[in-house]
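Here's a quick walk through the model below, starting from one loop and working outward. Keep the viewer open as you read.

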Amino acid sequence: RDFIRSAGAASLALAAGSWPGRAHAAEFTLKYANNLALTHPMNIRAAEMAKAISEQSRGRVEIQIYPNNQLGGDTDMLAQVRSGAIDMFTLSSLTLGTLVPVTQISGMGFAFKDYDTVWAALDGDLGAHMRQEVQAKSTLFAFEKIWDNGYRQITNSAKPIASPDDLKGMKLRVPPSPLWTSMFKALGVSPTSINFAEVYSALQTGIVQGQENPLAIIYTSKLYEVQKYCSMTNHMWDGFWMLGNKKSFEKLPKDLQELIRTNVNAAGVKQREDVRKLNESLAGELKAKGIQLNEADHQAFHAKLKQAGFYEEWRKKFGDQAWAILEKYSGKLA
Ligand code: X2X
């Protein structure tokens, strides 16, 4: 908690654009937006990253951070980074799939058995394939090292979820992405797509009863204030691509592009360690906040997805080439 509290102050200072020591206007200013709380490791490491880039470029480059949906929801920020209104944006690979469909492939249910497998895939040819598609089919590029979100768990206000049958009739929210909707339809519910910016209020007002996210987000976005149960389904891993607007970066001198790339990727790797540690340590904190945690039957969820034809549906959508790369890491899914 001290780790979060102290670093939160650092990112607050930076978010206000008032980092001490910057004496003059920068030659190049890049706007970076995200959808997470200031205390989430994403913003803690982003604040450090921005400071390092400013110092190493001797003040020539300033990264202005707009955290916590300050510039709108994910759908708005995606439109802004595509147009160049903002220059950088960390977006879930699945929500990016509304623009470049194949980037949803990293969110396949139960695809990665552990973090070694996640990074082997995402830092390997699966991530490379996704980045090539982003580069080829949009005005964006994705930095090499994807940032971590974590394994996702289901929270709700009604009851513990042990198996898919417990989801019956439940009003669940998912982020905007065809794969997320398809996954929960396969599990037997009709999920509602809502940008993260509106999730807390949607839970508070009962528009939806539940949602799914890693523990680090449930904690840092205080969803424990509007949820009673958290069921450890680990139904998928999720990550955030640090996206850049191609034109914004082409304007920069090559040496500054390289300096930014090195620092962005270094911050992403540090953030992964923070998120893994946080996700592994928060069960006690969440219990203390009044959340009732329970283990869920992963086999039952995995079997339900298979029986519903979820894997077969997405193998056809992603195509054999991408699917073969995925199964190198996941093993046979469909
Ligand atoms: O929207 C969500 O649930 C979040 C914060 O995890 C993502 O950005 C995918």
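## A loop with two faces

Ala111 has a relative accessibility of 3%, so it counts as buried, the cut-off being under 20%. This is a predicted model, by the way, so treat everything here as computed. You'll find Ala111 in the loop between E3 and helix H4 (115-122). Setting aside residues up to four places away in sequence, Ala111 touches Leu326, Tyr329, Ser330 and Leu333. There's also a long-range pairing to look at: His302 is 191 residues away from Ala111 along the chain, yet their C-alpha atoms are separated by 9.8 Å.

Now look at Lys113, which is also in the loop between E3 and H4. Is Lys113 buried or exposed? Its relative accessibility is 71%, and because the bar for exposed is over 50%, Lys113 counts as exposed. Along the chain, Lys113 and Asn234 are 121 residues apart, while their C-alpha atoms are separated by 9.7 Å.

## Phe112 and the nonpolar cores

Which residues have the most contacts inside the largest nonpolar core? They are Met108 and Phe112, in a core of 58 residues. If you click on Phe112 and ignore its neighbours within four places in sequence, the contacts include Thr117, Val118, Ala121 and Leu122. Phe112 also contacts Leu326 and Tyr329, and both of those residues are touched by Ala111 too. Tyr151 and Trp237 are on the Phe112 list as well.

There's a second, separate core of 46 residues, and among its members are Ile218, Val226, Leu278 and Ile291.

## E5 and E11

Those two aromatic contacts of Phe112 bring us to a strand pair. Tyr151 stands opposite Trp237 in E11. Strand E5 (residues 147-151) is joined to E11 by four bridges, and the two run antiparallel. E5 is mostly covered, with five of its five residues buried.

## The four-stranded sheet

Elsewhere, four strands make up an open sheet with mixed pairing, in the order E9-E6-E10-E12. Why do E9 (210-213) and E12 (292-295) each have one side without a neighbour in the sheet? Both stand at the edges and have a single partner strand each, so one side of each is left free of a sheet neighbour. From one strand to the next, the twist averages 20°.

Zooming in on one of the pairings, strand E6 (residues 153-156) and E9 run antiparallel and are joined by four bridges. For a specific spot to check, Thr155 has Gln211 in E9 as its bridge partner.

## Cavities, and a loop residue to compare

How many cavities of 30 Å³ or more does a search of the whole structure find? The search turns up two. The largest cavity has a volume of about 120 Å³. Its lining has 16 residues, and the closest to the centre are Asn35, Asp74, Pro175, Phe196 and Phe240. Strand E3 (88-92) and strand E11 (237-245) are the elements that give two or more residues to that lining.

One last residue is worth a look. Asn195 is in the loop between strand E8 (192-193) and helix H7 (199-204). At 14% relative accessibility, Asn195 counts as buried, since the limit is under 20%. Leaving aside neighbours within four places in sequence, Asn195 is in contact with Gly73, Asp74, Thr75, Arg173 and Pro176. Asp74 is also one of the residues closest to the centre of the largest cavity.

Methods:
Residues numbered from 1 in each chain as written. Predicted model: local features only at pLDDT ≥ 70, side-chain atom pairs only at ≥ 80, totals over all residues. Heavy atoms only, no water. Core = buried A, V, L, I, M, F, W, Y, C linked by side-chain atoms within 4.5 Å. Buried < 20%, exposed > 50% of the residue type's maximum accessible area, 1.4 Å probe, protein only. Contact = heavy atoms within 4.5 Å. Pairing = 2+ DSSP bridges. Axes fitted to C-alpha atoms, helices over the stretch in contact; angles between N-to-C directions. 1 Å grid on protein atoms, 1.4 Å probe; cavity = no way out; pocket = protein on both sides within 12 Å on 5 of 7 lines; lining within 4 Å. Points joined across faces, edges and corners; volume = space filled by probe spheres on them.
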